[in-house]
Protein chains: 2
Amino acid sequence: MRMSRYFLPVLKETPSEAQIVSHRYMLRAGMIKQAAAGIYSWLPLGFKVLKRIEAIVHEEQQRAGHIPMLMPTLQSADLWRESGRYDDYGQEMLRITDRHGRDMLYGPTNEELITDIFRSHVSSYKDLPLTLYHIQWKFRDEIRPRFGVMRGREFLMKDGYNFDLTKEDALHAYNRHLVSYLRSYERMGLQAIPMRADGGPIGGDYTHEFLVLAETGESEVFYDSDITDLRFGERAIDYDSVEQCQAVLEEFTSRYARTDETHDAALFEQVPEDRRRVARGIEVGQIFYFGTKYSDAMGAMVVDQSGARVPVHMGSHGIGVSRLLGAIIEASHDERGIIWPEGVTPFHCGIVNLKQGDAEADAACEALYAALDALGLEPLYDDRDERAGGKFATMDLIGLPWRITVGPRGLKNGVVELTSRRSGESEELPPEAAVERIAQIYGCATA
Amino acid sequence: MRMSRYFLPVLKETPSEAQIVSHRYMLRAGMIKQAAAGIYSWLPLGFKVLKRIEAIVHEEQQRAGHIPMLMPTLQSADLWRESGRYDDYGQEMLRITDRHGRDMLYGPTNEELITDIFRSHVSSYKDLPLTLYHIQWKFRDEIRPRFGVMRGREFLMKDGYNFDLTKEDALHAYNRHLVSYLRSYERMGLQAIPMRADGGPIGGDYTHEFLVLAETGESEVFYDSDITDLRFGERAIDYDSVEQCQAVLEEFTSRYARTDETHDAALFEQVPEDRRRVARGIEVGQIFYFGTKYSDAMGAMVVDQSGARVPVHMGSHGIGVSRLLGAIIEASHDERGIIWPEGVTPFHCGIVNLKQGDAEADAACEALYAALDALGLEPLYDDRDERAGGKFATMDLIGLPWRITVGPRGLKNGVVELTSRRSGESEELPPEAAVERIAQIYGCATA
């Protein structure tokens, strides 16, 4: 993309309404614009990151054998009356009346709707196990929306639902979700720690929240510092293997890690003192096993091997897709702006032309652009007739992890400059070598 | 995908509520399930087609230089009061009150919101031309929703908005949209004819609707039969060239083609009698140039070259993404089911194992599956222990354009059967040759 043709409305001033760094930078980098309280338009740069996160979630869910679909944003109140949640859910549920006076709502979650789909189409254990998921906009009418996309009212979430014949099978689905979530967050450059959590309005005895450590986190967390050394990494996993998934669960949840909701001071005391940590965390996902709560209430039954009709065992599993943008920025920024991890960056690298209009510099930038494009990478080329300082400030603010700087002086020596946004380190090298380096970083095959 | 692990709830019976063929087949093929009147869940097969259509729209819009973003589903009523449409828009607008008593609405279209974004960030002609678009769910509270996704209440639409300094520039944007729409529909296997249309509530003197001819179409259309010979085809186009885009507009709109809303009997009489056609059509898109209607009302001004503040010229351009599934099926089916064009098919081909459990047949199917997968293609392998007749009926119903049938008898002679869903013709050939043929059809590079 050429900056001269893009829509990147960067702000010089920090908007006064933004209290936390991710909200400030998302506004300043032209990623979002508030449309109403807690409701945002995703400007082109923000939309690109949202799509990258969504793509990682889709890939990792499907790798785990979970099946994508899509439920609508609006639901009929009838199903929620069946489960009993229509009255239980408080004012955070946005209730709507259509032109015929029918009660509807903007879905805050989808247990009822997916259970209705299941009971309409599945009646035999032979069709199990089954996990369906979708990534869809949801609405919670927060009384005080704030912190930008971190606590908005309209938000994008992945929610998945497993249907299994037995509790044992359902716990394997729970473990599959835990593994796929660990992989997803790591690909986004995040460390998200599974912590024992509280069931809340969805219910459930087995539930873990995934928390990213950050000073601005809404939850107080207590953990054994050993847990931050754990990485899922590149290990191979067979999602059909009960043992392998269970082993990952044990590895990542055996150390003490809880939010204030489930914190147990006596247990925490048993962690060696030098490893006890109290910090703050941002919740970016949660997994639940809740057994037959909804299948009992809504009659989602299957015939088992013996011919008996039994309620199906379920769980639900969520990732806060739009919220993740805020969490990533909270975890990865400096005083000049955002620092995107390579896995979610909106553009793979920036190209800064120090002397727009100089024939040689222009040609070198175009050649770099074409070479990166041919590798399937997306560079953002700042081809505007602006001062170098302004171009650098914009690139730093929007946080592309790599920048290639091209100027007449360097070109005389046959070199351009490759700069890491994270370390700030620069290196001079021939343009072809810079392309080769970027290709290596992103794992592209070069000729 | 293996059928044994997929969720494909095919119905034997035709649901009584479905009046038209696309609705019937989408229900029977397990593509959608009604969640409430005019509101659907997209089951896995339907979701896959929806995503393919969405991907084509994204690709062709970006090829035309239009920039993707995303606006929210819910909007504040305030912006609609500014444009004057809050009161004008009738009961089809779903009006909502939030917990603080603020008036909101589920966006049926986005002229106000995009104009607000524009006026907040753009103030100079130097930032023009600019076309922003998004693909987002919308809601129109139809009094009698029917025909499945063809006339639903919650529907997915691409809407794009151009901002230009002059009427001339805005008409070039109009033409770019026309070209990109022709390309998009052809890639979906559709012929959509641009017809002179009526501005309706959005307003505008320049507007064309794109109609797919089908008996079940909601509009009566009148056209010169010569128009159905036109194809955009594989021709190269420079979207920056005013002349090239204008030439396409003239080629595709100079012959008589109008809906009943704009039909002019006297003009139609001038078409040679043997070329006059009266038929029915399904609207799948519409483009508008409406000048300064919204920029005047909402103060979207830019400074021009002379330093004067002038209202920006705008247009809006829509493609009915979810409706297109219905339109494609109306245009492409037979008595056995759907016939997907290759460009939008949910799976590239089906694999039917005539004797599940036979070691040789199973191994041959697995080898085909792996070979297609390695090419980046997605086969759907019916690995269930079912009768061949049932497997064929399912494949025909869900409409995959190609089927490979594998059985012990053929394998003895070293062949499998490749069948075209459209022509019904079958050919026996070695498995490797079948893979090669499928790769050619989808333009995959083979080693």
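**Entry 1: B:R119 and its partner**

I looked up B:R119 and found it partly exposed, at a relative accessible area of 27%. The model is a predicted one, so I take these values as computed from it. The side chain of B:R119 forms a salt bridge with that of B:D116, at 3.0 Å from N to O. B:D116 has a relative accessibility of 12% and therefore counts as buried, the limit being under 20%. Both residues belong to helix α5 of chain B (residues 111–121), and because they are three residues apart there, about one helical turn separates them.

**Entry 2: B:R384, B:D382 and B:G357**

Next I checked B:R384. Its side chain meets that of B:D382 in a salt bridge, 2.9 Å from N to O. Is B:D382 buried or exposed? I read 0% relative accessibility for B:D382, so it counts as buried. B:R384 comes out at 25% and counts as partly exposed.

I then went from B:R384 to B:G357. The two are 27 residues apart in sequence, and their C-alpha atoms are 9.5 Å apart in space. B:G357 sits in the loop of chain B between β19 (349–353) and α11 (359–374). With a relative accessible area of 60%, B:G357 is exposed, because the class begins over 50%.

**Entry 3: B:R437 and B:E427**

I noted another salt bridge in chain B, between B:R437 and B:E427, with the closest N and O atoms 2.9 Å apart. This pair links distant parts of the chain, ten residues apart: B:R437 is in helix α14 (residues 431–441) and B:E427 is in strand β23 (residues 426–429) of chain B. I found B:R437 partly exposed at 29% relative accessible area. B:E427 is also listed as partly exposed, at 34%.

**Entry 4: salt bridges overall**

How many salt bridges does the structure hold over all chains? I have 66. In chain A, I found a network of salt bridges that links A:E59, A:E60, A:R63, A:R183 and A:R187.

**Entry 5: chain B against chain A**

I turned to the contact of the two chains. It takes 57 residues from chain B and 57 residues from chain A. The size of an interface is often given as the accessible area lost when the parts come together. For chain B and chain A, I noted a buried area of about 4800 Å², with 63% of it from carbon and sulfur atoms. Which three residues supply more of the area that chain B buries against chain A than any other three? They are B:F7, B:L70 and B:R99, with 15%.

The count of salt bridges between chain B and chain A is six. I looked at the pair A:R153 and B:D98, whose side chains meet at 2.9 Å, N to O. The polar contacts across this interface come to 18 residue pairs, both residues at pLDDT 80 or more. Helix α2 of chain B (residues 44–63) gives six residues, the largest share of the side of chain B that touches chain A. I sorted that side by class and got 33 nonpolar, ten polar and 14 charged residues.

**Entry 6: two domains in chain A**

The domain assignment of chain A gives domain 1 at 13–338 and domain 2 at 349–441. Their C-alpha centres lie 38 Å apart. Eleven residues of domain 1 and seven residues of domain 2 make up the contact. I noted about 820 Å² buried between the two domains of chain A, 42% of it on carbon and sulfur atoms. A:L45, A:R336 and A:I338 supply 52% of the area that domain 1 buries against domain 2, more than any other three residues.

I counted four salt bridges across this interface. I also looked up the salt bridge between the side chains of A:D334 and A:R421, at 2.8 Å from N to O. Eight residue pairs are in polar contact across the domain interface, both residues at pLDDT 80 or more. On the side of domain 1 that touches domain 2, the elements giving two or more residues are α1 (21–28), α2 (44–63) and β18 (337–338) of chain A. The largest share there, three residues, comes from α2(A). By class, I have four nonpolar, two polar and five charged residues on that side of domain 1.

**Entry 7: A:S219**

Last, I checked A:S219, which lies in strand β11 of chain A (residues 219–224). A:S219 is buried, its relative accessible area being 12%. Leaving out residues up to four places away in sequence, A:S219 touches A:L211, A:A279, A:R280 and A:G281.

How values were computed. Residues are numbered from 1 along each chain as its sequence is written. Chains are lettered from A and ligands numbered from 1 in the order in which they are written. This is a predicted model: local features need pLDDT of at least 70, side-chain atom pairs count only at pLDDT 80 or more; totals for chains, interfaces and linings use all residues. Side-chain values use heavy atoms; hydrogens and water are left out. Domain bounds come from an automatic or database domain assignment. Contact means heavy atoms within 4.5 Å. Buried area is the accessible area (1.4 Å probe) that two parts lose on being put together, summed over both. A polar contact is a pair of N or O atoms within 3.5 Å; within protein, one must be able to donate a hydrogen and the other to accept it, and residues adjacent in sequence count only if both atoms are side-chain atoms. Helices (H or I, at least four residues) and strands (E, at least two) are DSSP runs, numbered from the N terminus. Ala, Val, Leu, Ile, Met, Phe, Trp, Tyr, Cys and Pro count as nonpolar, Asp, Glu, Lys and Arg as charged, and the others, Gly among them, as polar. Buried means under 20% relative accessible area, exposed over 50%, partly exposed in between (1.4 Å probe, protein chains only).
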